[in-house]
Amino acid sequence: MTTFAARPASSRQLAGTGTLLRFALRRDRLMIPVWIAVNALMVLSMPGTLEGLYGTPAERADLLRQMETNSSLRAMVGPVFGDSLGALAAWRVGVYAGALAAVMSLLIVVRHTRDEEESGRQELVASGTVGRRASLTAALLAAAVANAVLALLVTAGLAGQGTTGALALGLGIAAVGMVFATMAAIVAQLTESARLARGLTAAVLGAAFVLRAAGDSATDDGSSVLTWLSPLGWLENLRPYASERWWVLALLAGAVSLQGAVAYALAGRRDLGMSFLPTRPGPASGRLGSADALAWRLQRGGVLGWSVGFFLAGVVYGGMTDGAADLVGDNDNARRVVERMGGQSGLTDAFLASMVGMLGLIAALYIVASVLRLHGEETSGRAEPVLANAVGRVRWAAGHLVIAFGGAALIMLLAGLGFAVGYGKETGPILGACLVQLPAVWVIGGVAVLLHGVLPRAAPAAWGIAGAVLLIGWVGPALDVPQGVLDVSPFGHLPKLPGGAMQWGPVLVLTGMAVLLVAGGLAGLRRRDMTT
């Protein structure tokens, strides 16, 4: 029998990869399927939706003509390269599907690399027969498995629109996911904090979206230099269902290979738990002398990033309001979808209400991430030293919850200000429309608090609930699902502002539900044992 020490150096480096991969997939048996399902359903539902909106060749040709002159909409979804249903589906959701795959991939890689080191679990694993690069390899393989399943579902689901285009779109989405998986692997070697690794990689993704948007607003064929600087622009220029450019996949594969090689080189040059950019130690007193101040220190980066993102999103959506109204104004089916999302008011108000509602749905992701910071602090063992002092559990949790629920109010307020800047018209109704989303956002946050307080092992399921709500709110109106399904989401009960009548009843009921959920979660936290 060959001993571990007698194996070739390359084999020793990867020893235990298979076991770690199986463990990673087992740990993510809920998170990965939810991300894949949301992304795949978003893509696969689009051809049927577009067929209802642009059912005739004349309507599709008119759409292409309008997109050539509508730079604001091109910035949002990119240029159109063909008038088939497959080409329109790739245009409408391709960039967003790639972005979702990127987020899924970076979360997987950071979770199974830097998160493991930060929590101390990786040191225990490394004491066994595990190679130096086994954890990184297992994390990248887990991301590859998730993206491969997503590519398979997209290809199979869109094959009826054309097998070649479906294959191109599926491979393109998966390749973008792997680009950001390998990028996250590099950042995980550079930083000492999993939170910072996720934040920096997400910032790169945000920059990639901005570059693509800026490039697409300037040209109508994806040829801008700015577009080509973004991996999302590469996916767009793959042109599924429109004379596919297969060589773009080689560009994506080259980026994955190069970044993967850099990540492996860095992993071999540092000690376990260390990083190339060590975290600057901070004071243990003064501004960090309380649990509340510590919570703010831990979450301020996330609040800042989400605040900037929501303000810029408000500016972009506000700026494209008039152009979007012109685009759907002559299409009765498109008008019905927008009005179903935004209410039976004027088309401009309905469009604004639908965009505000979309930002509310995304704000639910923020509040889940912020609430689950409690879960991360507890399971990593960092909460114990805080609670060993004169700090009660409720007080410790309250610091994070104030940031989570107050931060949701802040980002929606900034989104409203962004809408006002971009739209350049009445500020009050837009601000009111954004703030009226908060009770539904808080309900989702309350569910996350309840799960963490009562069933801590099930706390990550809050991501699945937020994803389901996002899917219902995004795809449900376009698919003309029954109102009862839409009402499953707390967002389905909110008044459609601006344009609609303010209804205080649902707002007060949802706020009360959020209060009860938070109270139940805190009561459960006080009574249960702390987990590690």
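**Exercise 1. Find the aromatic ring that has the charged end of R212 over it, and give the distance.**

Start at R212 and look for the ring its charged end covers: that ring belongs to F209, and its centre is 4.7 Å away. The test here is that NZ of Lys or CZ of Arg lies within 6 Å of the ring centre and within 35 degrees of the ring normal.

Before going on, some ground rules: this is a predicted model, so local features need pLDDT of at least 70 and side-chain atom pairs count only at pLDDT 80 or more, while totals for chains, interfaces and linings use all residues. Residues are numbered from 1 along each chain as its sequence is written, and side-chain values use heavy atoms, with hydrogens and water left out.

**Exercise 2. Work out how many aromatic pairs the whole structure holds, and describe the one formed by W228 and W247.**

Step one, the count: searching the whole structure turns up four aromatic pairs. Rings of Phe, Tyr and Trp (its six-membered ring) pair if their centres lie within 6.5 Å; planes under 30 degrees apart are stacked, over 60 edge-to-face, and the rest tilted.

Step two, the geometry: W228 and W247 are stacked, with 5.7 Å from centre to centre and 15 degrees between the planes.

Step three, the location: W228 belongs to helix α13 (residues 225-228) and W247 to helix α15 (residues 247-267), so this pair ties together parts 19 residues apart in sequence. Helices (H or I, at least four residues) and strands (E, at least two) are DSSP runs, numbered from the N terminus.

Step four, the cover: W228 has 25% relative accessibility and so counts as partly exposed. The scale is buried under 20% relative accessible area, exposed over 50%, and partly exposed in between (1.4 Å probe, protein chains only).

**Exercise 3. Is the pair of W306 and F310 stacked or tilted? Then say which residues join the cluster.**

The W306 and F310 pair is tilted: the centres are 6.0 Å apart and the planes meet at 45 degrees. Both sit in helix α16 (residues 291-319), four residues apart, so about one helical turn separates them.

Now check the cover of each partner. W306 comes out partly exposed at 27% relative accessibility, whereas F310 is buried at 4%.

Finally, follow the ring pairs: they link W306, F310 and Y366 into a cluster.

While you're in α16, take a look at G309, which lies in that helix. G309 is partly exposed at 36% relative accessibility. Its C-alpha atom is 9.8 Å from that of A203, although the two residues are 106 apart along the chain.

**Exercise 4. Compare the end-to-end span of helix α7 with the expected one, then say where the helix bends.**

Helix α7 (residues 85-111) has 27 residues, so at 1.5 Å a residue it should span 39 Å; the end C-alpha atoms are 37 Å apart, which agrees. The expected span is 1.5 Å times one less than the number of residues.

The bend comes at V93 and is about 50 degrees. A bend is the angle between axes fitted to the seven residues ending at a position and the seven starting there.

As for cover, α7 is mostly tucked away, with 23 of its 27 residues buried.

Try α24 (residues 438-454) the same way: its 17 residues reach 24 Å from first to last C-alpha, close to the 24 Å expected. It is mostly covered too, with 13 of 17 residues buried.

**Exercise 5. Which residues does A409 contact, leaving aside neighbours within four places in sequence?**

First place A409: it lies in helix α22 (residues 393-423) and is partly exposed, with a relative accessible area of 22%. With contact meaning heavy atoms within 4.5 Å, A409 touches L435 and L438. Also, A409 and C434 are 9.0 Å apart, C-alpha to C-alpha, and 25 residues apart in sequence.

**Exercise 6. Which of R239 and S243 is buried and which is exposed?**

Both are in the loop between α14 and α15, as R239 is placed there and so is S243. R239 has a positive phi near 55 degrees without being a glycine, and S243 has a positive phi of about 55 degrees, again not a glycine. On cover they part ways: R239 is buried at 16% relative accessibility, while S243 is exposed at 67%.
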